[in-house]
Amino acid sequence: MTESEQHTTAADRLSPLHDEHVALGASLTSFGGWQMPLRYTSDLAEHRAVREAAGLFDLSHMGEIEVSGPQAAAALDRALVGNLTAVAVGRARYTMICAEDGSVLDDLVVYRLAEETFLVVANAGNAPLVTQELVRRCAGFDATVTDQAEETALVAVQGPRAEEIVTSLVAADDVQTVKDLKYYASVSVRVAGLDTLLARTGYTGEDGFELFVPAEHARELWQAVLTAGEPLGLAPAGLSARDSLRLEAGMPLYGHELDTTTTPYEAGLGRVVKLDKVDAEGNPLEFVGRAALASRKGAQPARVLVGLRGLGKRPARAGYAVVIPGKDPDVQIGFVTSGAPSPTLGYPIAMAYVTPEFSAEGTELAVDVRGREEPVVIVPMPFYRRPQAS
């Protein structure tokens with residue numbers, strides 16, 4: 001049995017780029033109900049390619065949901081915690097869809113493509129639930145919710161040479177348009193001759209772009225980007241590198257830092273909750289979860305998400321207990337949500353939830369790594385910030 005077969009199931013959906021991954025010798029894994037590349041060569045090589053040059057990711061497992069109509073913005077204001085009416089055409093916003101109790105059902109990126117058209121991008125495993133909830137929450141509004149995941153492919157080009165690669169694939173008249181594209185903004189442009197929604201967004205901590213194209217053109221786009229990028233150091237990168245990159249950048253992953261036991265405030269993301277939203281008449285705008293979230297704002301949460309720097313060599317992993325050094329190991333003050341050695345920084349890093357009294361920067365704690373205390377210290381996040389252009 002091959003490594004790919006060991007980690008996939010017959011029920012998994014296949015990306016429109018599946019044959020490309022197989023041809024590149026990728027190790028495949030089951031993720032969010034999809035069969036996706038875990039790595040092509042080595043986790044370290046792919047991680048470093050993104051930090052030093054560029055990486056090419058298949059993100060076709062993400063959910064794409066269009067919300068359109070005269071009341072699309074108002075419907076999303078009711079459905080999500082963010083203020084989508086305030087998003088300008090061509091811009092995007094990070095937000096969340098919460099339950100009535102304030103817990104997070106998913107974190108999302110929402111693009112405003114036109115005055116009455118939005119594209120909601122959901123995490124793979126949550127996409128069916130998000131679609132279902134949007135249909136339910138938008139009922140009564142003059143807005144239509146359409147699941148576009150089946151016909152949409154999404155790839156990402158991330159890294160310091162991403163702009164150079166993408167601009168090499170657009171017409172001369174569009175080069176400056178790509179260069180001028182702001183972070184969390186999008187534009188419709190032809191890339192490699194294909195109609196593309198090009199967004200300056202990503203999940204790696206680097207500059208980069210996400211490219212939405214019709215699924216039938218995914219292979220053509222993928223091959224064009226590989227051909228243009230390989231001389232510049234671009235490498236295809238899998239889920240493993242994507243996870244280590246987002247961890248260095250301090251970005252949450254649903255199912256780890258975010259879930260239905262967590263509110264945005266506990267995760268340090270209270271800024272995305274817009275309790276001051278108002279309707280056209282200036283009245284406070286109700287949205288799903290508002291009452292629960294309003295009651296939590298300003299209150300001390302039961303747990304706080306912190307960054308941990310390992311002071312030893314053994315990394316903390318998700319689920320490991322955080323304890324007080326030298327004290328009863330059965331007394332846990334928190335747990336690790338994500339952890340790994342940092343290829344960029346050269347030491348272990350982790351994110352963890354701990355009780356508030358142990359959450360101050362500089363606090364020395366320990367993680368129980370298979371029965372042995374490994375020393376850690378609380379540090380600010382993100383762990384890594386990309387160098388700014390001079």
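**Note on cavities, a pocket and local backbone features**

1. Strand S3 (34–39) and strand S4 (54–58) each contribute at least two residues to the lining of the second largest cavity. The model is predicted, and every point below should be read as a statement about that model. The lining of this cavity consists of Met36, Pro37, Phe57, Asp58, Leu59, Ala237, Gly238 and Leu239. Sorted by class, six of these lining residues are nonpolar, one is polar and one is charged. The space in the second largest cavity comes to about 40 Å³.

2. How many cavities of 30 Å³ or more does the model hold? The count is three. The largest cavity has a volume of about 80 Å³. It has 17 lining residues, of which Gly310, Arg314, Ala316, Pro348 and Val376 are the closest to its centre. Two or more lining residues come from each of strand S15 (304–310), strand S18 (348–354), strand S19 (364–369) and strand S20 (372–379). The lining of the largest cavity divides into eleven nonpolar, two polar and four charged residues.

3. On the annotation: the UniProt record, an unreviewed entry, places "domain: Aminomethyltransferase C-terminal" at residues 303–384. Such an annotation may be inferred rather than shown by experiment. In the model, the span 303–384 is 50% strand and 0% helix. The C-alpha atoms at the two ends of the span lie 24 Å apart.

4. The second largest pocket has a volume of about 460 Å³. Of its 21 lining residues, Leu38, Leu239, Ser240, Asp243 and Leu253 are the closest to its centre. Strand S2 (27–31), S3, helix H9 (239–248) and strand S17 (332–341) are the elements that give two or more residues to this lining. Which element gives the most? Helix H9 does, with seven residues. By class, the pocket lining has nine nonpolar, seven polar and five charged residues. Leu239 is named both in the lining of the second largest cavity and among the residues closest to the centre of this pocket. Strand S3 likewise supplies residues to the cavity lining and to the pocket lining.

5. Strand S8 (residues 117–122) is mostly covered, with five of its six residues buried. Strand S8 has an antiparallel partner in strand S5 (residues 63–68), joined to S8 by six bridges. In this pairing Gly63 stands opposite Ala122 of S8. Strand S7 (residues 104–114) also runs antiparallel to S8, through five bridges, and here Val110 stands opposite Val120 of S8. S7 and S8 make up a hairpin, with two residues between the strands. As background, side chains in a regular strand alternate between the two faces of the sheet.

6. Helix H8 (residues 218–229) has twelve residues. From first C-alpha to last, H8 reaches 16 Å, close to the 16 Å expected at 1.5 Å a residue. Which residues of H8 are buried? They are Ala218, Leu221, Trp222, Ala224, Val225, Leu226 and Gly229.

7. Some backbone geometry deserves a look. Most residues other than glycine have a negative phi, and most peptide bonds are trans. The peptide bond from Met381 to Pro382 is cis, with omega near 5 degrees. Pro382 sits in the segment after S20.

8. Ala192 has a phi near 55 degrees, a positive value in a residue other than glycine. Ala192 lies in the loop between strand S11 (186–191) and strand S12 (194–199). Is Ala192 buried or partly exposed? Ala192 counts as partly exposed because its relative accessibility is 23%, and the buried class takes in values under 20%.

9. Arg370 also has a phi near 55 degrees, again positive in a residue other than glycine. Its place is the loop between S19 and S20. With a relative accessibility of 73%, Arg370 counts as exposed, the cut-off for that class being over 50%. The strands on either side of this loop, S19 and S20, are among the elements that give two or more residues to the lining of the largest cavity.

Definitions and conventions:
Residues numbered from 1 in each chain as written. Predicted model: local features only at pLDDT ≥ 70, side-chain atom pairs only at ≥ 80, totals over all residues. Heavy atoms only, no water. Helix = DSSP H or I, 4+ residues; strand = E, 2+ residues; numbered from the N terminus. 1 Å grid on protein atoms, 1.4 Å probe; cavity = no way out; pocket = protein on both sides within 12 Å on 5 of 7 lines; lining within 4 Å. Points joined across faces, edges and corners; volume = space filled by probe spheres on them. Nonpolar A, V, L, I, M, F, W, Y, C, P; charged D, E, K, R; others polar. Buried < 20%, exposed > 50% of the residue type's maximum accessible area, 1.4 Å probe, protein only. Pairing = 2+ DSSP bridges. Expected span 1.5 Å × (residues − 1).
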